[in-house]
Amino acid sequence: MNRGLFITLEGVDGAGKSTHLEWLSEQFREHGRTVRVTREPGGTPLGERLRDLLLNSPMHAETEALLFFAARREHLARVIQPALEAGEVVISDRFTDASFAYQCGGRGLPEARLETLEAWVQAGLQPDLTLLFDVAREVAESRRSTVREPDRFEQERADFHDRVRQAYLHRASRYPQRIKVINANQSVEAVRRQLLTLLEPWL
């Protein structure tokens, strides 16, 4: 069986990407594909335990980066790679671009350190398509303000989220064939029209 399709969704907290996750999966199911929806950090029992630590426990920035990649290695081995080998479509809410955005852009860690982890953990595996939901600061802030129990990333200051956004856009300019920027300031319907246009070659 042919290798499956690996799609990731990225964006700052409040970008609205999770709103479209199930809708995206339905587009592929309607075309007869088997879809695996997952998330990072998480996706496995161990990953979900690490997720709770990462989102709620203060820690050193390097510890944070290492735990994200530890959860990712488990995610790849237990979920992503087996699903791709079975020919499934894997749609993940965040992947490695988030590490470069949050730990390098937001925390200030050197990209070279994460590139070393990326090479070790992923062994060359990259998403086939990354959808980057980009929003203006005020839109993201408004959406984050409605979260009842914000995690420690959602509680970060505006300048942190600004750095994360710029790091994402830098990644998009560096890898334009893989990362497609979605204008997520618009209505849900307008965003989905953009998504359908981008997904057409893959459906």
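The radius of gyration is taken over C-alpha atoms, and the globule rule used with it is 2.2 Å times the number of residues to the power 0.38. The legends below describe a predicted model.

**Figure 1. Overall view of the predicted model, a protein of 203 residues.** For 203 residues, the rule puts a compact globule near 17 Å, and the protein has a radius of gyration of 16 Å, which agrees. Along the principal axes, the C-alpha atoms fill a box of roughly 45 × 40 × 35 Å. The protein contains 8 helices and 5 strands. Read from the N terminus, their order is β-α-β-α-α-β-α-α-β-α-α-β-α. Of the 203 residues, 49% count as buried. When contacts between residues at least 6 apart in sequence are taken, 78% of them join residues at least 24 apart.

**Figure 2. Close-up of the packing of helices H3 and H5.** Two packed helices are described by the angle between their axes and the distance between the axes. H3 covers residues 61-85 and H5 covers residues 111-122; the angle is about 20° and the axes are 10 Å apart. That angle makes H3 roughly parallel to H5, since angles under 35 degrees count as roughly parallel. The crossing of the two helices is right-handed. On the H3 side, the residues in contact are Glu 62, Ala 65, Leu 66, Phe 69, Arg 72, Arg 73 and Leu 76. On the H5 side, they are Arg 113, Leu 114, Leu 117, Glu 118, Val 121 and Gln 122. The residues of this contact divide into 7 nonpolar, 1 polar and 5 charged.

**Figure 3. Close-up of helix H4 and its surroundings.** H4 is mostly covered, with 11 of its 11 residues buried. Among the buried residues are Thr 96, Ser 99, Phe 100, Tyr 102 and Cys 104. The buried residues of H4 pack against three strands and three helices, namely S1 (5-10), S4, S5 (179-183), H3, H5 and H7. Just after H4 comes Gly 108, with a positive phi of about 90°.

**Figure 4. Close-up of Asp 97 and Gln 103, two residues of H4.** Asp 97 has a relative accessible area of 3% and is therefore buried, the cut-off for buried being under 20%. Leaving aside residues up to four places away in sequence, Asp 97 touches Glu 10, Thr 130, Tyr 168, Arg 171, Arg 178 and Ile 179. Pro 127 is 30 residues from Asp 97 in sequence, and their C-alpha atoms are 9.9 Å apart. Gln 103 counts as buried because its relative accessibility is 2%. With residues up to four places away again left out, the residues that Gln 103 touches include Glu 64, Ala 65 and Phe 68, as well as Leu 114 and Phe 153. Ala 65 and Leu 114 also take part in the contact of H3 with H5. Gly 108, the residue with positive phi just after H4, is also touched by Gln 103.

**Figure 5. Close-up of Ala 158 in helix H7.** H7 runs over residues 158-174. Ala 158 counts as partly exposed because its relative accessibility is 24%. Its contacts, not counting residues up to four places away in sequence, are with Arg 137 and Glu 141. Lys 180 is 22 residues from Ala 158 along the chain, and 24 Å separates their C-alpha atoms.

**Figure 6. Close-ups of the backbone at Pro 41, Arg 94 and Ala 123.** Most residues other than glycine have a negative phi, and most peptide bonds are trans. The peptide bond from Glu 40 to Pro 41 is cis, with omega near -10°. Pro 41 lies in the loop between strand S2 (35-39) and helix H2 (45-56). Arg 94 has a positive phi, near 85°, and is not a glycine. Its place is in the loop between strand S3 (89-93) and H4. Ala 123, also not a glycine, has a positive phi of about 50°. Ala 123 belongs to the loop between H5 and strand S4 (129-134). Are these two residues buried or exposed? Arg 94 is buried, with a relative accessible area of 11%, whereas Ala 123 is exposed, with a relative accessible area of 66%.

Terms used:
Residues numbered from 1 in each chain as written. Predicted model: local features only at pLDDT ≥ 70, side-chain atom pairs only at ≥ 80, totals over all residues. Heavy atoms only, no water. Axes fitted to C-alpha atoms, helices over the stretch in contact; angles between N-to-C directions. Helix = DSSP H or I, 4+ residues; strand = E, 2+ residues; numbered from the N terminus. Parallel < 35°, antiparallel > 145°, perpendicular 65-115°, else oblique. Left-handed = near helix turned anticlockwise from the far one by under 90°. Contact = heavy atoms within 4.5 Å. Nonpolar A, V, L, I, M, F, W, Y, C, P; charged D, E, K, R; others polar. Buried < 20%, exposed > 50% of the residue type's maximum accessible area, 1.4 Å probe, protein only.
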